[in-house]
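Student: I would like to learn how to read the features of a protein model with some care, beginning with charged side chains. Could you take me through them one at a time?

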Amino acid sequence: MRDTIAALATPPGAGAVALVRVSGPAAWETAASFLDLKSPPEPRRQTLAWALDGDARLDQVLVTLFSEGASYTGEETVELACHGSPYVVERLLELARAAGARQARPGEFTQRAYLAGRVDLAQAEAVCDLIAAASADEHRAALLQLDGGLSRRVEALRAGLLDLAALVEANLDHPDEDLPPVDPAAAAARAAALAEQASELSVARRRGRPGRRAPRLVLLGAPNAGKSSLLNALLGEDRVLVSPEPGTTRDAVEAPAVLAGLSCAVVDTAGLRERPADELERLGQERSRAEARSADLALIVVDRTGPPEEARRLAAEAAALTGADRLAGVLSKCDLAGAAVRAADLGGLETVEVSALTGTGLLELTALARRRLGAFGGEAFSVSERHAAALSSAEAALRRAAGELKAAREELAARELRAALAALDSIVGRDTPEETLAAVFSRFCVGK
């Protein structure tokens with residue numbers, strides 16, 4: 001990419017300040033064609049100048065020059081901080097294009113940073129995630145990946161794979177040399193251990209990745225148990241209508257939420273009871289059960305003033321739908337007197353007492369949800385669908401290699417090890433096909 005590109009690097013529309021970025025071998029020459037500066041400014045120091053539109057002044061701008069090798073893209077780059085007038089921005093871009101620059105494509109600045117070796121492909125994707133981060137957890141995950149959190153784990157896995165592949169290939173290529181023989185059982189165990197590492201990495205923190213499926217928190221319970229009121233309380237707004245009449249909710253209602261810094265989707269569902277009143281209610285209950293099966297965490301909401309036997313029945317049904325590891329209990333309406341249901345009635349589930357009316361227990365419930373939904377901590381890098389698919393391919397190839405090594409079929413094992421290596425290389429961008437790069441950078445906004 002030896003041409004010079006230009007684009008707006010801040011959101012479009014009117015604002016106090018906008019940033020126009022020019023990058024490429026003729027970046028300064030392009031900018032100098034419409035600036036009243038006689039010579040290039042000192043690199044990395046802002047310089048006040050007038051942008052000229054012919055002989056007329058267009059705007060007073062702050063000019064920052066980045067030398068080749070010392071910029072985001074690795075190329076000579078000029079950034080112009082101007083007033084955020086759409087007219088001023090468009091004229092600056094038109095003047096840059098008139099001087100020989102072209103409009104940058106989405107993500108092209110970051111793509112050039114990747115091609116210049118300033119970031120690997122996983123780090124480049126983290127830039128897009130950082131921009132899209134809508135919560136503290138998403139921000140932390142994107143920042144860690146930008147710092148190489150995922151890349152370091154992949155490189156460590158790759159190093160172990162290379163050691164094993166080198167041992168196998170050396171014996172194949174030089175059978176007459178005095179090399180240590182390949183122990184089938186030991187080599188198979190090494191391949192299986194690497195496969196396990198790939199498997200663990202492929203599911204690490206996938207839920208919190210910006211722009212991907214958010215973890216789903218599903219509210220289950222009998223009609224009029226307080227599910228809709230709880231949804232509104234968690235959201236801090238009246239998202240759904242609440243009525244004392246049982247069976248008001250007939251369909252699943254989903255809403256995005258941020259609970260203790262964790263982005264998720266909260267789903268209110270139709271009430272579950274043994275005998276639906278009509279066909280519509282039956283269909284609504286079937287949808288509730290389907291939501292429960294796909295939930296990352298389900299909360300069985302029970303009116304603590306209701307009959308304990310009903311609570312036990314509902315908890316048992318919910319556990320059958322989700323499994324105990326994806327289920328917790330909520331005793332609702334704890335502001336009312338006359339409690340009959342106890343936490344023990346929910347079959348030993350982790351349980352919180354809550355009042356949607358007074359807010360009692362909401363902090364404890366959000367803390368539970370954050371912890372059980374896999375809240376970020378430690379190396380909470382994000383693993384995208386692309387990363388997960390590559391890691392799954394590497395895992396499958398390594399498991400096949402383990403089988404071939406155990407059977408002493410080293411040639412077939414070597415082929416599988418090479419396939420696993422190629423899958424890992426695709427994550428950080430070694431020998432990545434052009435169509436993959438195009439798909440990755442098409443997610444970016446213009447100007448980044």
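Tutor: A salt bridge is counted here when a side-chain nitrogen of Lys or Arg lies within 4 Å of a carboxyl oxygen of Asp or Glu. Keep in mind from the outset that this is a predicted model. By that cut-off Glu350 forms a salt bridge with Arg371, the closest N and O atoms being 2.5 Å apart. The pair links distant parts of the chain, since Glu350 sits in the loop between strand E11 (327-332) and strand E12 (351-353), while Arg371 belongs to helix H11 (residues 362-372), 21 residues apart.

Student: Are the residues of that pair buried or exposed, Glu350 and Arg371?

Tutor: Buried means under 20% relative accessible area and exposed means over 50%, with partly exposed in between. Glu350, at 32% relative accessibility, is therefore partly exposed, and Arg371, with a relative accessible area of 48%, is partly exposed as well. Salt bridges can also share partners, and in this way Asp3, Glu75, Arg102, Arg105, Glu108 and Arg112 are joined into one network.

Student: How many salt bridges does the structure hold?

Tutor: As a general idea, side chains of opposite charge can pair when their charged atoms come close. The structure holds 32 salt bridges. One of these joins the side chains of Glu125 and Arg386, with an N to O distance of 2.7 Å. Glu125 lies in helix H4 (residues 121-132) and Arg386 in helix H12 (residues 385-406), so the pair ties together parts that are 261 residues apart in sequence. Glu125 has a relative accessible area of 2%, which means that it counts as buried.

Student: With which residue does the side chain of Arg216 meet in a salt bridge?

Tutor: The partner of Arg216 is Glu291, again at 2.7 Å from N to O. Because Arg216 lies in strand E7 and Glu291 in helix H9 (residues 279-294), this salt bridge ties together parts that are 75 residues apart in sequence. Both Arg216 and Glu291 are buried.

Student: How should I read the surroundings of strand E7 itself?

Tutor: Ask how much of a strand is covered, and then which strands pair with it. In E7 (residues 216-221), six of the six residues are buried, so the strand is largely enclosed by the rest of the structure. The cover extends to both faces, with Arg216, Val218 and Leu220 buried on one side and Leu217, Leu219 and Gly221 buried on the other. Four bridges join E7 to strand E9 (residues 262-268) in a parallel arrangement, and the bridge partner of Arg216 in E9 is Ala265. E7 also pairs in the parallel sense with strand E10 (residues 297-303), over five bridges, where Leu217 has Leu297 as its bridge partner.

Student: Which elements give two or more residues to the largest nonpolar core?

Tutor: Begin with the core itself, which has 35 residues, those with the most contacts inside it being Leu161, Leu164, Leu405, Leu417, Leu424 and Ile427. The elements that give two or more residues to this core are helix H6 (149-173), helix H7 (184-202), H12 and helix H13 (410-428). Leu417 shows how such packing looks in detail: leaving aside neighbours within four places in sequence, Leu417 is in contact with Leu161, Leu164, Ala165, Val168, Leu398 and Ala401. Another core, of 26 residues, lies apart from the largest one and includes Ala27, Leu35, Val88 and Ala96.

Student: How would I read a single residue, such as Val61 in strand E4?

Tutor: Combine its element, its accessibility and its contacts. Val61 lies in strand E4 (residues 56-66), and because its relative accessibility is 1%, it counts as buried. Not counting residues up to four places away in sequence, Val61 touches Leu35, Thr47, Leu48, Ala49, Ala51, Ala81 and Cys82. For Val61 and Ala49, 12 residues apart in sequence, the distance from C-alpha to C-alpha is 5.5 Å.

Student: Where does the pLDDT stay under 50?

Tutor: Set the overall confidence beside the local values. The mean pLDDT of the protein is 85, and 89% of its residues reach 70 or more. The pLDDT nevertheless stays under 50 over residues 205-212, for which the model has 36 contacts beyond four places in sequence. Over residues 375-379 the pLDDT is also below 50, and that stretch has 17 contacts in the model beyond near neighbours in sequence.

Key: Residues are numbered from 1 along each chain as its sequence is written. This is a predicted model: local features need pLDDT of at least 70, side-chain atom pairs count only at pLDDT 80 or more; totals for chains, interfaces and linings use all residues. Side-chain values use heavy atoms; hydrogens and water are left out. Buried means under 20% relative accessible area, exposed over 50%, partly exposed in between (1.4 Å probe, protein chains only). Contact means heavy atoms within 4.5 Å. Two strands pair if DSSP finds at least two bridges between them. A nonpolar core is a set of buried Ala, Val, Leu, Ile, Met, Phe, Trp, Tyr and Cys residues joined through side-chain atoms within 4.5 Å. pLDDT is the predictor's confidence in each residue, from 0 to 100.
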